[in-house]
Amino acid sequence: MPQAQVTGAFSLLAKRPQSIIENQIYRRQRSLELINSLPKELHDDKKNETSHKTYVVIVFSEKAKLQQCQDVEKVIQQFNVLTTLEVLSKTEKYLYLSATTDILLRFADESELIKKTVTGSMQKFNYHSVEDFLLSGMTVNDIVRYCEAPVLIKDAIKPSLLSYIRNGVIEDLFPLHDYEYLEKFSFNWRRRSLPIEEIRNYFGSSISLYFGFTLFYTKALVFPSLFGLVQYYYSFNLSLVSSFYVIWTTIFLELWKRKCAGYSYRWGTIEMTSLDKPRTAYKGELKPDPITGKLTLQYPMRYTYLQMYCISYPVVFLCVTAAAYFALYQFQIEAEVLNDFGEESWLLYVPCIVQSVLISIFSWAYEKLATFLTELENHRTRSQYDRHRVNKLMIFEIVNNFFSLFYIAFVLHELKQLRYQLMMQLLIFQLVCIAQEMGIPLLAVVKQKFAKFMQKEIDEAIKHQVSDLARYEQCFFESGLDKYQSTYEDYLQMCIQFGYVVLFAAVAPFAALGALINNIFAMHIDLFKLCNIFKRPFARRTKNIGAWQSAFELLSVMAILSNCGILYLQPNIKNFFVNLFPNTSDLSFVLFEHLLLGLKFVIHKAIHERPRWVRIALLKADYESSQAYKNIKKLKAQVKID
């Protein structure tokens with residue numbers, strides 16, 4: 001590219017805005033206007049040219065020199081990836097990446113993507129047997145999905161670009177949004193359910209599993225919501241309430257496993273293992289892999305365990321102790337307020353409100369600390385990393401959110417105060433979640449009509465330099481958006497909410513109804529943010545919700561113990577057991593609690609974690625693989641004989 005174009009291109013263009021509020025709606029409207037302004041014939045041609053569609057954009061930093069940009073382009077071209085380099089100014093340097101269908105299919109073969117065959121089974125994709133994966137109505141362009149093409153390109157080229165990323169030459173690497181596909185996610189009052197399959201096709205299995213779980217959980221909340229209303233009006237016996245929630249939580253979690261197995265089978269992730277590719281942030285030395293023999297990063301596990309047991313867990317213990325102290329300190333403050341101002345003073349509400357706000361602040365701070373500690377442990381795979389981070393987080397969150405409630409219930413024996421404290425904490429928690437979920441979108445809508453006036457028109461010299469004006473405009477605005485991290489915080493909010501619903505259900509019949517109403521709106525807000533607020537994330541493959549499944553099951557078991565404890569604290573119930581078993585009244589409580597645990601275990605064993613059709617399909621795939629292997633061996637033997 002001529003030097004004059006490099007130095008003088010962007011003299012009149014404003015610096016790329018960094019605020020997502022200024023970007024998110026305007027950049028979408030602007031790009032759609034540019035696309036719609038094209039002649040219909042040209043628009044149709046571009047729509048059909050899937051081989052030249054831009055999948056990934058590399059943004060170079062300000063310090064990146066022209067020669068370095070060209071070196072990166074040459075490295076990428078070695079993988080037969082199509083590139084277009086546009087160096088418009090010192091601060092505006094983009095490299096657009098695309099690939100032909102043939103190259104994408106080769107990448108899919110190397111990545112061993114699982115695809116559905118014409119026989120109905122799921123098999124690893126084979127580039128040399130493409131016809132086996134062409135289902136009815138499909139073309140070769142349909143084999144690689146929307147979410148898979150950017151990931152295949154990134155996985156192929158990123159190992160060769162790590163040095164440029166570490167040196168700061170490459171500032172960012174992200175896939176572009178497909179605005180026409182995003183129209184499928186527009187809010188529609190007539191739509192009764194989220195388009196989970198479409199979300200998977202665009203965002204990948206990790207994000208779609210979160211929406212699938214949220215949808216399934218929200219539908220499941222209908223039953224405890226109705227039960228809570230009936231419980232409030234008819235004052236059910238608490239033993240009936242405890243039994244209902246044991247059955248509901250167990251059936252809900254077991255049925256979700258079946259639903260999740262169906263998703264992961266259709267999406268080709270059900271057979272993923274802990275021996276998958278290491279995560280990007282994993283550090284180690286290149287050594288031969290014991291399974292494949294290829295050079296892979298390896299890190300001694302003893303250093304990971306040393307970090308965990310000598311640093312991470314002691315820090316977690318200190319944080320948990322501090323959270324418990326602040327929870328108990330609230331009651332000391334309440335006692336002092338009660339002595340100074342009396343029972344009728346409104347100041348008695350202040351300690352509870354302050355405690356609820358502190359819980360949210362501590363949760364935010366500790367989440368950052370747990371992430372930092374888990375990063376230091378240097379776990380190899382994403383699943384291992386997530387599991388250890390969630391384990392740290394759940395230990396703290398249980399103490400931070402529920403320790404004061406357990407103290408009120410089983411030390412102070414104040415069920416009226418327990419009900420008040422629980423509903424106050426749940427209310428503050430829901431308000432904080434709503435503020436986080438809706439704050440940015442609402443501000444974006446407010447500034448929508450002002451955003452267009454905050455941007456300058458593109459210099460005419462720029463329009464003649466860029467090869468695709470609509471693509472450039474889209475890249476310009478999306479590069480200023482925030483990066484979507486993961487579904488981690490979303491799962492955490494759902495898990496804490498689940499704890500508020502089930503741990504003290506005996507005294508909080510309306511908790512499930514509040515959670516149901518909140519989740520109905522939260523689902524659509526989360527989808528809106530993904531489509532409009534953040535950069536499009538690279539799809540990540542996963543077979544289940546990972547450690548969060550264990551977290552929900554832990555809360556389910558704790559709910560049995562807490563609700564049975566509340567039941568036993570009722571004077572009439574306790575007197576009944578004392579009169580019936582004068583010497584073993586406490587033992588009767590243990591027997592009832594174990595009876596409910598046994599009921600949970602029976603339901604767990606009665607419901608298989610995989611549907612029958614999934615088990616049959618997996619066996620069928622194994623049979624087809626073994627038959628194909630036998631045929632290959634037979635063919636080789638015949639060739640030797642001939």
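The paragraphs below lead from the overall make-up of this predicted model to its sheet, its helices and a few individual residues.

Taken as a whole, the protein contains 24 helices and 8 strands, and of its 642 residues 48% count as buried. Among the contacts with a separation of 6 or more, 77% are accounted for by residues 24 or more positions apart. The protein exposes about 32,900 Å², of which carbon and sulfur atoms supply 60%.

A good place to begin is the sheet. Four of the strands, in the order β2-β3-β1-β6, form an open sheet with antiparallel pairing; its edges are β2 (82-87) and β6 (170-175), each of which pairs on one side only. On average, and with direction ignored, neighbouring strands of this sheet are turned by 15° against each other. Within the sheet, β1 and β3 (residues 93-98) run antiparallel and are joined by 4 bridges, and Ile58 stands opposite Leu95 in β3. Two helices can then be placed against these strands: α6 packs on the sheet, where it touches β1, β3 and β6, and its direction makes about 175° with that of β6, while α4 lies across β1, β2, β3 and β6 and runs at about 170° to β2.

Between β1 (56-60) and α4 (66-77) there is a loop, and Ser61 lies in it. Is Ser61 buried or exposed? Its relative accessible area is 9%, which is under the 20% cut-off, so Ser61 counts as buried. Once the neighbours within four places in sequence are left aside, Ser61 is in contact with Lys90, Lys93, Gly168, Val169 and Glu171.

The helix α6 (148-166) also has a partner in α5, whose buried residues pack against α6. In α5 (residues 101-111) these buried residues are Thr101, Ile103, Leu104, Leu105, Phe107 and Ala108. As a general point for reading such a list, an α-helix has 3.6 residues a turn, so residues three or four places apart point the same way. After α5 comes Glu112, which has a positive phi, near 55°.

A further acidic residue, Glu478, has its place in helix α18 (residues 469-478). Because its relative accessibility is 0%, Glu478 counts as buried. What does the side chain of Glu478 reach at 3.4 Å? That side chain reaches the backbone nitrogen of His177, and a polar contact of 2.9 Å joins the side chains of Glu478 and Gln474.

Turning to the annotated segments, the unreviewed UniProt entry carries the annotation "transmembrane region" for residues 199-220, 232-256, 303-326, 346-366, 390-410, 422-446 and 546-569. Two of these stretches can be set beside the model. Over residues 232-256 the chain is 88% helix and 0% strand, with the end C-alpha atoms 28 Å apart; over residues 390-410 the chain is 100% helix and 0% strand, with 27 Å between the end C-alpha atoms.

The last residue to look at is Val590, which is found in helix α23 (residues 585-606). With a relative accessibility of 33%, a value in between the 20% and 50% cut-offs, Val590 counts as partly exposed. Along the chain Val590 and Cys564 are 26 residues apart, and in the model their C-alpha atoms are separated by 9.0 Å.

Terms used: Residues numbered from 1 in each chain as written. Predicted model: local features only at pLDDT ≥ 70, side-chain atom pairs only at ≥ 80, totals over all residues. Heavy atoms only, no water. Buried < 20%, exposed > 50% of the residue type's maximum accessible area, 1.4 Å probe, protein only. Contact = heavy atoms within 4.5 Å. UniProt positions renumbered as here; feature names shortened; annotations may be inferred. Areas by Shrake-Rupley, 256 points an atom, 1.4 Å probe, with all protein chains shown as cover. Polar contact = N/O pair within 3.5 Å; in protein donor to acceptor, adjacent residues only side chain to side chain. Pairing = 2+ DSSP bridges. Axes fitted to C-alpha atoms, helices over the stretch in contact; angles between N-to-C directions.
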